[in-house]
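This report describes the fold of one protein chain for a reader who is new to structural biology. Please keep the sequence and the structure in view while reading.

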Amino acid sequence: MPGLVLGDTGAEMMLKAILNNVWPAGGKNWTIKLYTNNYTPLDTSTAGNFTEATGGGYASKTLTNGSWTVGSAALRQGTYAKQTWTFTGALTGNPTIYGYNVVDADGVHVDAQLLSQPFTPINNGDPLSVTPVFALSFGTPA
């Protein structure tokens, strides 16, 4: 997959939580959403830049705070368990999924990632799996 992009709004939210113990009013969980507009995430992206998938049995998924695996190797990142969507057929809006974005409990954009290949569900049972990653470092070159 192309690289994960941490949004400025997500970085601000995290700094407030870590340094000032100020959390989103909606709680500490995040939500992963598949998006269908052909958009390349930027650090300046906001939640409004992403068109969430609709139809075909799609629903966003909660990423529960405290359920991430945090690596201690050169690459500082958190990884969440693989999330799989099993579609009931074609989407009703834009037919193709280009990536995922993550929002906090108040709907503020945290990060996003393009899929390595766009995915278009057509048939009942078509699956799409992604492993959510949250990276704060690209590691130290050897």
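## The open sheet

In this predicted model, 5 strands form an open sheet in the order β1-β8-β7-β2-β3, and their pairing is antiparallel. The edge strands are β1 (5–6) and β3 (61–63), each of which pairs on one side only. Strands of a sheet pair through backbone hydrogen bonds, and the arrangement may be parallel or antiparallel.

At the β1 edge, 2 bridges join β1 to strand β8 (residues 109–119), and these two strands run antiparallel. Within β8, Ala112 is the residue that stands opposite Val5.

## The helix and the order of elements

The protein chain contains 1 helix and 10 strands. Along the sequence, these elements follow the pattern β-α-β-β-β-β-β-β-β-β-β. Helix α1 (residues 8–20) lies across β1, β2 (30–35) and β8. Relative to β8, helix α1 runs at about 140°.

## Aromatic rings

A search of the whole structure finds 7 aromatic pairs. In one of them, Tyr39 and Phe50 meet edge-to-face, with 5.2 Å centre to centre and 90° between the planes. Both Tyr39 and Phe50 belong to the loop between β2 and β3, where they are 11 residues apart. Tyr39 counts as buried because its relative accessibility is 18%, and the limit for a buried residue is under 20%. Phe50, with a relative accessible area of 9%, is buried as well.

Elsewhere, Trp30, Trp68, Tyr80 and Phe134 form one aromatic cluster.

## Charges over rings

Two lysine residues are placed over tryptophan rings. Lys28 lies over the face of Trp23, at 4.6 Å from the ring centre. The charged end of Lys61 sits over the ring of Trp85, 5.3 Å from the centre of that ring.

## The chain as a whole

How does the overall size of the protein chain agree with that of a compact globule, and what is its radius of gyration? The radius of gyration is 15 Å, which agrees with the value near 14 Å for a compact globule, because the chain has 142 residues. The C-alpha atoms fill a box of roughly 45 × 40 × 25 Å, taken along the principal axes.

Of the 142 residues, 38% count as buried. Among the contacts with a separation of 6 or more, 74% involve residues 24 or more positions apart.

Methods. Residues are numbered from 1 along each chain as its sequence is written. This is a predicted model: local features need pLDDT of at least 70, side-chain atom pairs count only at pLDDT 80 or more; totals for chains, interfaces and linings use all residues. Side-chain values use heavy atoms; hydrogens and water are left out. Two strands pair if DSSP finds at least two bridges between them. Helices (H or I, at least four residues) and strands (E, at least two) are DSSP runs, numbered from the N terminus. Contact means heavy atoms within 4.5 Å. Axes are lines fitted to C-alpha atoms, for helices over the stretch in contact, and angles run from 0 to 180 degrees between N-to-C directions. Rings of Phe, Tyr and Trp (its six-membered ring) pair if their centres lie within 6.5 Å; planes under 30 degrees apart count as stacked, over 60 as edge-to-face and the rest as tilted. Buried means under 20% relative accessible area, exposed over 50%, partly exposed in between (1.4 Å probe, protein chains only). A charge sits over a ring if NZ of Lys or CZ of Arg is within 6 Å of the ring centre and within 35 degrees of the ring normal. The radius of gyration is taken over C-alpha atoms; the globule rule is 2.2 Å times the number of residues to the power 0.38.
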